[in-house]
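Student: Before I rely on the words used for this structure, I would like to go through the reasoning behind them.

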Amino acid sequence: MYISTTFHATFQNKTTKEYKQLLKEVTQKQFRRVSKFNIMAIYGALRALENKQYDTNINIYTASEYGCIEDMNTVLMQVSKTDEIVMPFDFLNINGNNVGFLISEALNTLGNNFYITAEDVSFEKAFELAYFDISIDKIDEALVGAVDESLDYIQDINSLIKNPEHQKTYDGTTWFQLSKESKNALAKIESLETFTNLEELNNFLNTLQYDYLSLNLFAKNKLNTLKIDPSKVISQSEQFFGTYSAMYINNLLNYNGKLLHISLDENNRAYLFYFTK
Amino acid sequence: MKQVYITGSSLVCALGNDKFQSIQTAKKIDNTNYKDFFQDNHNGFNFFKINQTFQNEKEKFYTILKDTISQAIEDANLSQEEQKELHIFIGSTSMSISINEEQSQLYYNNQSTKMLEEVGYGNIGTFVENLVDSKYKATILQTACTSTANSISYATELIQANKIKRALIIGLELFNKSTYKGFESLMLLSKNGIYKPFDKESDGLILGETCSAVVLDSAKKDNTCFEVIATNTSFDNHSITGSNPSGETTCNSMQKALKKAYLTPKDLTCIKAHATGSENSNLSEAKALDTLFKTYNETTDVVILKPFLGHTLGACGTSEIVLLCEFIKEGFIPKTLNYQNGYEDISFKPLLANKPVSNATILFQFIGFGGSNTTLILSNKG
């Protein structure tokens, strides 16, 4: 299995209007009354597959830690006032799964869409499902995205989210096209392994050779416990968004050789991605 | 390829606080006493409400979730070691928004400086992981009203492929103003309070709250267990809120699932239709079923469950599967409540009287906003 192409962008808390301007660079389709979250996702997905070939039946897996927070706050404000009406588009915008329909519409695809969350490892879980679907020949291609909004405007946000280093939060949209097709591939996915504890992970790490290594923030905190060569750990962006590990993997793919990414959740469950490039 | 069975289940809903109470209540409902059971039972809303009282939304959410999971695990008779091998899937459209609604109301009324109680829904998965002591990370899957059906489909495929041993799929939809008012603004809610899907006089759907769960396992517990024998998911790109009026995607999804199971409609005991009650969805699905029967030149009974439970949205996969399987264990498939007049150009009528069965092969159809169509075929005939 291969990664055919990727796209990544982070921005400092742009407005929906600003994203719509960006979207005009990649599509003439109009997306009216669509939330910031959905526009960010559509923009990233379109940019990932811009001028690229893709299967009409490509499945779309959108991962998010926090979802459509800005528009959810609008709806929460509306329902907090007894007589306020919830507008249909506001309601539809907070249904996370609708993002897949909108991306399909933008890309003219007919595959299935899934919206996935798994605390600390939402992107990893979405990637895992896409990887599984391709591996059992259910589909030939998948588009896996990681989308999260900046949350800095929410008071005391770090008491509500897991932002281990209390970094400033950004808008982030990162996308990967996975395919069985090796031609013009960016990297080969050698394996995707999951482990339920550090001991299992370390046993596996002892068997692996790699040139560069990327760690999510929970794994970075376990640097001294992991059986890895610290000199091979690449430095990562200090920008943070909910599904930031997608950005880390995208960055890792700028290197050549045997590439490893490790994500841990708070309870040391591990995802290990092994690429060659 | 491994076989996959439902070895445990639970249902908390407007009918009762467990599946046994729910089925006994459901057996007593008919067209004459329908309104007595369900009319206006949620502070003036037409809504199917869980009949329990709590101090606040957070207590309600986590208590019902915990009770439902405990019941399913007890039903599956899982040891503590076996629980650790549970891969958790949670399907819902609204997740815990009711908790944030309560907090934001305090915030906007200047009774709290905290705007939100929770950001994101991953913590629900972590709660369940800790509750059952699972070794694995929970997956929260949102595909609108097919969320739990798709979760069952995924878990089934993972077990079949020997990637996981067993799974716990939880469907959860509790009352919240955002969803209620959202459906109201889309003009999809019934005003007369009589839920009558597939009836041409239907004036909309009635939402319901539920928490329901199934345990999937490759090891069969006993002969009453239903096996998941085929699944299929298809995408309808017609509209974000409406199905293609032709019913094409829904029909194709059912056909693909039948083909995977090497079955035709005559082999089925019944089809459990999604049957939401909204005009577009009703017509599209009725047309899909009509086309299916004409394509095969065969029919089977069509069963509709939402008048018993309300439309439980993302949780309807688990709630309707548990309810129908329990009906069958009681020895019959249930009549369609409130149905009087069908559409002129549709040749079938849903089942109008309880029909005795000792075991069954059922095609479950689910359809969601965002174009998702999911078909599951379950059987306990093997």
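Tutor: We can take the chain contact, the domains and the overall form of one chain in turn, keeping in mind that this is a predicted model.

Student: What makes residues of chain A and chain B count as being in contact?

Tutor: Two residues are in contact if their C-beta atoms lie within 7 Å, and by that criterion the contact takes 50 residues from chain A and 47 residues from chain B. On the side of chain A, the elements that give two or more residues are α3 (69-80), α4 (88-93), α5 (98-107), β3 (113-117) and α6 (122-135), and the largest share, six residues, comes from α3(A).

Student: How many residues of that side of chain A are nonpolar, polar or charged?

Tutor: The side of chain A that touches chain B divides into 27 nonpolar, 16 polar and seven charged residues.

Student: Why are β3(A) and β3(B) called paired strands?

Tutor: Two strands pair if at least two bridges are found between them; β3(A) and β3(B), residues 139-142 of chain B, have three bridges, so the two strands meet the criterion, and they do so in the antiparallel sense. Within this pairing, Tyr115(A) stands opposite Gln142(B).

Student: What does the domain assignment give for chain A, and how do the domains touch?

Tutor: The assignment gives domain 1 (2-179) and domain 2 (187-276), whose C-alpha centres lie 23 Å apart. In chain A, 32 residues of domain 1 are in contact with 23 residues of domain 2. The elements giving two or more residues to the domain 1 side are β1 (2-11), α6, β4 (141-148) and β5 (171-179) of chain A, and α6(A) supplies the largest share, six residues. By class, that side of domain 1 has twelve nonpolar, ten polar and ten charged residues.

Student: Turning to chain B, with its twelve helices and twelve strands, why is chain B called as compact as a globular protein of its length?

Tutor: The radius of gyration of chain B is 20 Å, and the globule rule gives 21 Å for 382 residues; because the two values are close, chain B is as compact as a globular protein of that length. Along its principal axes, the C-alpha trace of chain B spans about 65 × 50 × 40 Å.

Student: What share of chain B is buried, and what makes a residue count as buried?

Tutor: A residue is buried if 20 or more other C-beta atoms lie within 10 Å of its own, and residues that meet this cut-off make up 61% of the 382 residues in chain B.

How values were computed
Residues numbered from 1 in each chain as written. Chains lettered and ligands numbered in written order. Predicted model: local features only at pLDDT ≥ 70, side-chain atom pairs only at ≥ 80, totals over all residues. Helix = DSSP H or I, 4+ residues; strand = E, 2+ residues; numbered from the N terminus. Nonpolar A, V, L, I, M, F, W, Y, C, P; charged D, E, K, R; others polar. Domains from an automatic or database assignment. Rg over C-alpha atoms; globule rule 2.2 N^0.38 Å. Buried ≥ 20, exposed ≤ 12 C-beta atoms within 10 Å, placed from the backbone.
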